[in-house]
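The following paragraphs lead through the structure shown here, from its overall make-up to its pocket and then to some points of backbone geometry.

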Amino acid sequence: MLKQDVMQVSQDQPIYSEAPLQLLLFVDGRPKSRQQVQRIRAYLKELETGYSFELQIIDVGEQPYLAEHFKLVATPALVKIHPEPQQTIAGTNIIPELKTWWPRWQTAIDTFLKLQEDLREVEDETSQVILPKSTIHSVATSAELIQLADEIFRLKQEKEKLQEQLLFKDRVIAILAHDLRNPLTAAAIALETLQSNYNPDIGAFQRLKPGLALHLLKQARTQTRIIDRMIADLLQVGRGEDTELPITPQKLQLGTLCLEVLEELSDRYIAKSQTIETDIPQDLPYVYVDPERIRQVLTNLLDNAIKYTPVGGIISVAGLHRTTQKIQFSIGDSGPGIPEENRDRIFENLFRLQRDQNTDGYGIGLCLCQRIIRVHYGQIWVDSSPHGGAWFHFTLPVYPS
């Protein structure tokens, strides 16, 4: 007979079964599937057998872990879990398959019941026969274990997410410390110069011409805008390597921007008596880029060139009109260079050469340069410079004429 044919396997209410034949029917919510399930259940009720059996319905939408446990790839599916061996019938031919297998299952049940009877006959007063546990109950236990495993996996994912957030905070601090240094210094110098030359008694600058004072004010305002945008962008995109950097491209003369950055960094290379060699053609086309983003790239590359070029060394800056669609810009130094085996890895986030472990830096500047250039549909790479150091190249799109 058919028993408990509407009850689900549940870890909250373990089910114990004494039926020798135990079946699980996995179903889903599709209308076509429901019709097939009704036919299967009707056929099972019509089966005339002297053996009791138990059928339990499992909705894969509510208990997907059980479907995974039995490695089901289609529903509806009928699984014989007792007596062993386990057997699965799935697809549209469940009823024809049942007609074939039902007599064999009956034979297996006869064998199982005979074994149980033989065990009882040999039982004596000092021994007890330990009968096999209900398979239905073991399935319920397995379901609970699977859910616990899923919960552990979810907690691990949450832990990893929290760790990523902590790393993100460290990363943002590192990026801010690295990339805000130059605009902060430029803004501070401009404001300090204005303050030291302003006479509040007469309401005017004593030793500054109006044009220079206006330039310093403009410089301070420009640098603070850069700082504000950098902070906002870093907070927005620092959560993952795959997040695209937001850009606002416009027409730009790259050579002019590069000369501005060199002027901002002039105190540093002058202090090291370094020579700046420039080869920027006057007819170099305009590029279509985000000015502040490309300023970050130029500042990073020139900052590194100044840092790694020794006292009295040479820094090279060159522009090249490669095609009608792209220009190439190059910045070289006469420092120690980049070993060939590390030229691909040098753009990885937080990667630093072994020789640089004790020098200032966070290993994020070149990674940020690569992301900026790529979001402009350009490329960036490094090889050896004519002066024996590193020679960084990047390409950018030409402004459409």
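The secondary structure of this protein consists of ten helices and 14 strands. The model is a predicted one. Of the 401 residues in the protein, 45% are buried. The accessible surface comes to about 23300 Å², and carbon and sulfur atoms account for 53% of that surface. Among contacts between residues at least 6 apart in sequence, 73% join residues at least 24 apart.

The next topic is the largest pocket, which has a volume of about 820 Å³. Its lining is made up of 27 residues, and those closest to the pocket centre are Ala186, Gln219, Gln223, Glu260 and Glu264. The elements that contribute two or more residues to this lining are the helices H5 (181–196), H6 (210–237), H7 (254–264), H8 (266–271) and H9 (291–308). Helix H6 gives the most, with eight residues. By class, the lining of the largest pocket holds nine nonpolar, nine polar and nine charged residues.

Helix H8 also leads into a loop that merits attention. Both Ser273 and Gln274 are found in the loop between H8 and strand S9 (275–279). Ser273 has a phi near 55 degrees, a positive value in a residue other than glycine. Is its neighbour Gln274 buried or exposed? Gln274 has a relative accessible area of 8%, and because this value is under the 20% cut-off, the residue counts as buried. Leaving aside neighbours within four places in sequence, Gln274 is in contact with Tyr269, Ile306, Thr309, Pro310, Gly312, Gly313 and Ile315.

A second loop with notable backbone geometry joins helix H2 (64–69) to strand S4 (77–82), and Pro76 lies in this loop. Lys71 is found in the loop between H2 and S4 as well. The phi of Lys71 is near 55 degrees, again a positive value in a residue other than glycine. Lys71 is exposed, because its relative accessible area of 71% is over the 50% cut-off. Pro76 takes part in a cis peptide bond with Thr75, for which omega is about 0 degrees.

Beyond strand S4, Pro85 lies in the loop between S4 and strand S5 (87–90). The peptide bond from Glu84 to Pro85 is likewise cis, with omega near 5 degrees. As a general background to these backbone features, most residues other than glycine have a negative phi, and most peptide bonds are trans.

How values were computed: Residues are numbered from 1 along each chain as its sequence is written. This is a predicted model: local features need pLDDT of at least 70, side-chain atom pairs count only at pLDDT 80 or more; totals for chains, interfaces and linings use all residues. Side-chain values use heavy atoms; hydrogens and water are left out. On a 1 Å grid over the protein atoms alone, a cavity is a set of points where a 1.4 Å probe fits but cannot get out, and a pocket is an open set with protein on both sides within 12 Å along at least five of seven lines; lining residues have an atom within 4 Å of a point. Grid points are joined across faces, edges and corners, and a volume is the space filled by probe spheres set on the points. Helices (H or I, at least four residues) and strands (E, at least two) are DSSP runs, numbered from the N terminus. Ala, Val, Leu, Ile, Met, Phe, Trp, Tyr, Cys and Pro count as nonpolar, Asp, Glu, Lys and Arg as charged, and the others, Gly among them, as polar. Buried means under 20% relative accessible area, exposed over 50%, partly exposed in between (1.4 Å probe, protein chains only). Contact means heavy atoms within 4.5 Å. Accessible areas come from the Shrake-Rupley method with a 1.4 Å probe; for residues, only the protein chains shown count as cover.
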